[in-house]
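Welcome! Please take a moment to look over the sequence and the structure before reading on.

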Amino acid sequence: MEPITLVVDKLKGFAKSSQDFVDGLVHRRDRKPIEILKRLQREAFSDLMRLRDRQDKVERILSYKSSAGSPFKEVNTHVRGEVDVSGALLMKDNVGQQDYDAFNRAGMRTGIDSRLTFETTIRQKDTLVAEFVASQKGHGYLGDDFGSPLSLAKVLYVANVSDWFSAVAVPVGAQCRDVGVAASCFHQGKGLTDFSSFGPPILNQHNGSAFGLMVSKSNIIASLAQFASGLGKEPCADGIRSCFSTFGQVVCQISEGTKLSLMGLHQVPRPLGQEFRFGALTMPVGILRLRKAPKTSVEASDPVGINTEENISSGSFAVMLESELDESTRIGGWIEMKNSGPKHLQWAVSVSDSPENEFGWGLSLGGILKGPTSWNHFQAEASLRFNLGKRFSLQPGLVYIMDGNARLPIVMCRSNWSL
């Protein structure tokens with residue numbers, strides 16, 4: 001029995017050792033994936049920590065550059081395009097010089113006017129505007145002149161220093177309306193003529209370059225600006241020379257929706273003797289002083305010679321009252337007086353109702369008075385406005401002009417397309 005017992009014991013020992021070997025293999029296989037996962041987790045954690053350190057370094061660099069870097073950070077530029085087409089039909093067979101002069105004095109500008117405006121917001125409060133214009137209006141007769149190509153017409157920068165103080169710089173294409181308070185009744189340019197579109201002529205006058213300041217307190221807004229026009233140019237044959245102008249405006253909010261504006265422009269021409277051209281936006285300090293031009297020997301010997309001291313200042317003063325009856329109905333009027341030469345007075349009264357995406361209308365009366373014995377100008381216009389969507393409008397209308405002995409009925413049509 002001993003050999004049998006010995007064989008059984010060996011078989012039991014072999015079976016046990018085999019079981020232990022198999023159990024060891026199974027436990028080793030179960031332990032190996034866990035160890036791999038733990039190792040991968042440690043490596044991933046270390047990689048994440050290194051990436052986080054790098055991200056912190058990049059954020060510190062970017063925050064430093066943004067705090068002391070360019071003011072154009074996160075600028076938003078808006079582009080606006082506008083095409084304006086105006087045409088007129090004179091209801092008169094024989095057109096003479098008086099009719100031509102009356103047409104021009106009425107502010108009738110027909111043709112095609114294209115405008116492209118770029119407006120950029122800087123430092124979240126300031127605004128930079130660049131305007132490009134291609135215009136056919138005021139050029140040629142029956143479209144025989146193609147007008148001017150697309151060119152830079154205005155550069156404007158508005159710095160809003162605080163809630164009550166702002167500064168405006170216009171190096172190119174400055175107008176008084178750029179440094180003043182725009183009128184809601186007239187500044188939209190929705191009328192058929194300049195009388196009903198732009199308010200007093202003083203606001204629409206081009207004066208070269210300008211720098212202005214504006215302050216507001218409660219219900220009063222005041223602005224003051226200095227203009228310089230014609231720098232770097234020779235005097236023209238028609239007597240146009242460079243001059244310095246000072247513009248001031250005070251706007252008072254009488255009641256809700258009603259404003260009264262007082263504005264004035266004082267112009268001082270440059271002396272004729274200073275005809276040196278140093279280039280655009282360049283001037284000597286001496287040009288700011290008014291002095292007599294030196295007399296030549298011919299002028300000294302001729303007592304009836306031409307007077308070279310022609311630094312006669314001129315100016316304009318305007319009063320404008322406007323009221324908003326509701327969201328779309330506006331009524332306004334203005335009077336402008338000039339002190340150059342004889343008494344010269346222009347006036348206009350306009351009423352309009354132009355709701356968005358709806359039918360609108362407009363009425364306007366205007367005129368010019370130039371002394372008791374000179375010609376008087378009176379005009380009346382009525383128009384309808386069809387808003388075909390938010391970007392296109394069609395405006396037919398009638399204009400009747402009385403200028404001295406001239407009587408001129410005109411049928412006009414104006415269309416405007418914006419994008």
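The report below starts with the whole chain, moves to its nonpolar cores and ends with two serines.

## The chain as a whole

A good thing to know at the start is that this is a predicted model. The protein chain has 419 residues, and buried residues make up 32% of them. Its secondary structure comes to six helices and 16 strands.

How do parts of the chain that are far apart in sequence meet? Among contacts with a separation of 6 or more, 54% are between residues 24 or more positions apart. As for the outside, the accessible surface comes to about 26,600 Å², and carbon and sulfur atoms account for 61% of that area.

## The nonpolar cores

Let us go inside. The largest nonpolar core has 22 residues, and those touching the most other members are Val170, Val179, Ile202, Leu203, Phe227, Phe247 and Met263. Several elements each supply at least two residues of this core: the strands are E4 (151-160), E5 (165-172), E7 (220-229), E9 (258-269) and E10 (314-324), and the helices are H3 (176-179) and H5 (201-204). There is also a second, separate core, made of eleven residues, with Ala106, Met108, Val399 and Met412 among them.

Val170 is a handy residue to explore from. Beyond its neighbours within four places in sequence, Val170 is in contact with Lys154, Val155, Leu156, Asp178, Val179, Gly208, Ser209 and Ala210.

## Ser209, a contact of Val170

One of the residues that Val170 contacts is Ser209, which you can find in strand E6 (residues 209-217). Is Ser209 buried or exposed? Its relative accessibility is 17%, and because buried means under 20%, Ser209 counts as buried. A polar atom of the Ser209 side chain lies 2.7 Å from the backbone oxygen of Pro171.

## Ser223, a contact of Val179

Our second serine, Ser223, has its place in strand E7. With a relative accessible area of 6%, Ser223 is buried too. Which residues does Ser223 contact, leaving aside its neighbours within four places in sequence? They are Val179, Gly180, Leu213, Met214, Phe247, Gly248 and Gln249. Two of these names, Val179 and Phe247, may be familiar from the largest nonpolar core.

Val179 also takes part through its backbone: the backbone oxygen of Val179 lies 3.5 Å from a polar atom of the Ser223 side chain. Finally, try locating Phe165 from here: Ser223 and Phe165 are 58 residues apart in sequence, while their C-alpha atoms are 9.9 Å apart in space.

Notes. Residues are numbered from 1 along each chain as its sequence is written. This is a predicted model: local features need pLDDT of at least 70, side-chain atom pairs count only at pLDDT 80 or more; totals for chains, interfaces and linings use all residues. Side-chain values use heavy atoms; hydrogens and water are left out. A nonpolar core is a set of buried Ala, Val, Leu, Ile, Met, Phe, Trp, Tyr and Cys residues joined through side-chain atoms within 4.5 Å. Buried means under 20% relative accessible area, exposed over 50%, partly exposed in between (1.4 Å probe, protein chains only). Helices (H or I, at least four residues) and strands (E, at least two) are DSSP runs, numbered from the N terminus. Contact means heavy atoms within 4.5 Å. A polar contact is a pair of N or O atoms within 3.5 Å; within protein, one must be able to donate a hydrogen and the other to accept it, and residues adjacent in sequence count only if both atoms are side-chain atoms. Accessible areas come from the Shrake-Rupley method with a 1.4 Å probe; for residues, only the protein chains shown count as cover.
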